[in-house]
Amino acid sequence: MIPFNKPFIIGNELKYIEEAVKSGKISGDGLFTKKCNQFFESRYGFQKVLLTTSCTDALEMAAILCNIKEGDEVIVPSYTFVSSANAFALRGAKIVFVDSEANQPNICVKEIEKHITSKTKVIIPVHYAGVACDMEAIMNLAKAHHLIVVEDAAQAIDSYYTFSNGTRKPLGSIGHMAAFSFHETKNVIAGEGGLLAINDPQYNERAEIIREKGTNRSAFFRGEVNKYGWVDIGSSFLPSELISAFLYAQLEHIDQIQEKRISIWNKYYKGLKGLENSGYIQLPVIPENATNNGHMFYIVCKNYEERTGLINYLKKFDIHPVFHYLSLNKSEFFLSNNASIDIPNSDRYTDCLLRLPFFYELKEEEQTCVINHINEFYLNK
Ligand SMILES: *Cc1c(COP(=O)(O)O)cnc(C)c1O
């Protein structure tokens with residue numbers, strides 16, 4: 001059986017969990033949380049890092065920090081995970097869905113521009129498959145219209161974007177804030193886990209308060225105030241040391257993880273390029289100013305029926321690829337409050353995109369088997 005995903009351990013995950021337990025502190029913001037924060041601040045230059053219990057929570061924190069009020073508009077790609085939109089809907093925002101590019105699922109900047117109104121407050125670029133959105137254009141639009149940019153970088157660890165002046169920046173360090181995920185399906189995992197990276201220091205103080213149930217507990221622990229209390233809204237967004245201990249062990253091996261995943265990606269690309277050249281499928285596109293972080297390998301089939309046929313064919317060999325998002329403009333929740341809208345590229349990825357088995361421990365012969373059966377499906381039709 002070749003599953004779509006398989007969580008893995010790579011180093012001292014269990015040892016560090018044991019250390020955390022024996023240290024007598026397993027609630028949040030202990031030694032391992034600090035080590036993780038330092039790792040991200042020094043490796044990627046994020047101005048401030050706050051570990052959270054999930055990327056969803058990081059996005060919810062971002063929505064509070066953006067001061068979303070009822071009726072504010074937030075621009076989100078419709079081809080994304082629920083949380084990119086839901087975190088803002090929770091605060092009363094009107095979600096404005098826009099389409100993906102025709103050649104890849106990232107948000108289309110021309111479409112963003114068309115949907116900006118006087119009520120627009122935030123843009124959420126989602127770096128699909130860890131491939132950078134057109135951040136230069138998005139940041140310019142945001143500047144011109146005084147908008148906040150929150151990168152949904154859930155899939156985008158260790159991926160980069162190069163500006164036209166040659167400056168290269170890690171994804172998550174470009175927008176005002178960014179949210180990452182360490183869910184077991186991502187490159188670096190902790191079961192469930194995430195982080196909020198803050199690149200604009202005006203949000204630092206409030207972010208700490210929101211993460212600590214609306215209290216100024218963090219400032220109290222630093223000795224900046226002599227008692228702590230309820231000063232704002234917030235929630236319990238910080239992970240326990242058990243999560244941070246697991247995560248830190250993974251981070252110590254990030255280069256090894258990335259090297260392996262990128263080699264898996266390259267093997268898929270080589271093995272399936274012939275099918276693209278013959279016009280059967282569409283493969284991922286990495287724009288020149290973006291990098292590939294080996295998060296995911298997908299193919300885009302001609303239509304829904306063909307994708308279903310391929311899934312069923314691979315199932316016979318115990319290979320389990322999976323499709324991805326249901327375009328959020330087609331979701332039950334959106335349609336219960338809004339008229340139906342057509343978002344053609346997003347709808348096409350909903351019907352035609354298929355993600356292939358992709359995990360750290362995927363064996364070379366397993367991958368060869370997936371590639372061979374996909375080629376067989378198309379060439380023996
Ligand atoms: C995985 C993912 C999320 C959610 O991450 P969690 O850590 O599970 O909350 C959000 N957005 C995108 C684009 C994702 O891929």
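This report looks at one strand and at the contact between two domains.

The model is predicted, so local features need pLDDT of at least 70 and side-chain atom pairs count only at pLDDT 80 or more, while totals for chains, interfaces and linings use all residues. Residues are numbered from 1 along each chain as its sequence is written, and side-chain values use heavy atoms, leaving out hydrogens and water.

Let's start with strand β1, residues 48-52 (strands are DSSP runs of E, at least two residues, numbered from the N terminus). Five of its five residues are buried, so β1 is largely enclosed by the rest of the structure; buried means under 20% relative accessible area with a 1.4 Å probe, protein chains only. K48, L50 and T52 point one way from β1, and V49 and L51 point the other way. In a regular strand, side chains alternate between the two faces of the sheet. β1 pairs with β9 (residues 194-198) in the antiparallel sense over five bridges, where pairing requires at least two DSSP bridges. The bridge partner of K48 in β9 is I198.

Now to the domains, whose bounds come from an automatic or database domain assignment.

| Domain | Residues | Residues in the contact (heavy atoms within 4.5 Å) |
|---|---|---|
| Domain 1 | 13-251 | 39 residues |
| Domain 2 | 254-379 | 32 residues |

Their C-alpha centres lie 26 Å apart. Between domain 1 and domain 2 there is one salt bridge (a side-chain nitrogen of Lys or Arg within 4 Å of a carboxyl oxygen of Asp or Glu). The side chains of R43 and D255 meet in a salt bridge at 2.8 Å, N to O.

Methods. Buried means under 20% relative accessible area, exposed over 50%, partly exposed in between (1.4 Å probe, protein chains only). Helices (H or I, at least four residues) and strands (E, at least two) are DSSP runs, numbered from the N terminus.
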